[in-house]
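The following report describes the fold of one protein chain and the packing of its interior. Please keep the sequence and the structure in view while reading.

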Amino acid sequence: MALVIPNPLMPDDFALQSTTRSRLESVIDGTLTFPGNGVNGLLLYGVYGTGKTTMAKLLPGWVETAKTTNFLTIGVPGQIIDTTYPNYDYAPCVQGQNGVQLISQIQQRSSFVSWNASGLHYVILDECDLLTDTAIASLKSVMNRKDVVFIFTTNHLNKIDKGVMNRSILLDLNAAPTNAWIQKISGIYASNGLTPPPANAIAGIVTAGNGSARTIFTDLDMANSLKNKQGVKP
């Protein structure tokens, strides 16, 4: 039987470090005033394949749902699912589209009244370390606004401007504890009606994956397929 790995929908679908999970849930449940206190960015960083872009695209819905529905009166932050489908701008900061013109476009679009119930505008800048110096200078000016939430992703935290970092909550998506991965993977097998591999086998796959969910899930899928070919029930 093939192993079906579902697309993540809520924070609990990600294997996260405890500090990262605490920060993320504090943003969602309002423990941290966000945006507020001069901070309106969420900066997701980690090695390739850790799910940064996937989470970045889910964050506007999580934040908007928490702010504008009664979800948190009946559910916990880790299980929040977007029910609002907010408008957001997404920009991959590739060469040729990473200059001051991009920031000017964001500033212009966000100058209009937001269609979102919270009144917030959401902007995702993927691989923001590729922004030019002039774009970063303009970005920091826009980040002084209180009605725009910026969501950044990067593989290279050391390349991020200190002023942008200072205006952001940092979410480390690098390798979560192995036990968190074992629990997550065992749950995926259970949802597929399959018996998970032994914990030490899962731990080996997680260690080899070096924090990349893409690599870990690929290796799991391959291991499951090999067992099926050998006629061994997983």
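## Fold and interior of the chain

Read from the N terminus, the elements of the chain follow the order α-β-α-α-β-α-β-α-β-α-β-α-α-α, where helices (H or I, at least four residues) and strands (E, at least two) are DSSP runs numbered from the N terminus. In total, the chain has 9 helices and 5 strands. This is a predicted model, in which local features need pLDDT of at least 70 and side-chain atom pairs count only at pLDDT 80 or more, while totals for chains, interfaces and linings use all residues. Residues are numbered from 1 along each chain as its sequence is written, and side-chain values use heavy atoms, with hydrogens and water left out.

Of the 234 residues, 46% count as buried, that is, under 20% relative accessible area with a 1.4 Å probe, protein chains only. The largest nonpolar core (buried Ala, Val, Leu, Ile, Met, Phe, Trp, Tyr and Cys residues joined through side-chain atoms within 4.5 Å) has 26 residues; Leu24, Leu42, Leu44, Met55, Leu59, Trp62 and Ile151 touch the most other members. Each element in the table supplies at least two residues of this core.

| Element | Residues |
|---|---|
| Helix 1 | 18-29 |
| Strand 1 | 41-45 |
| Helix 2 | 52-68 |
| Strand 3 | 121-126 |
| Strand 4 | 148-154 |
| Strand 5 | 168-172 |

Helix 2 gives the most to this core, with 7 residues. A second, separate core of 23 residues includes Leu125, Met143, Val164 and Met165.

Methods. Buried < 20%, exposed > 50% of the residue type's maximum accessible area, 1.4 Å probe, protein only.
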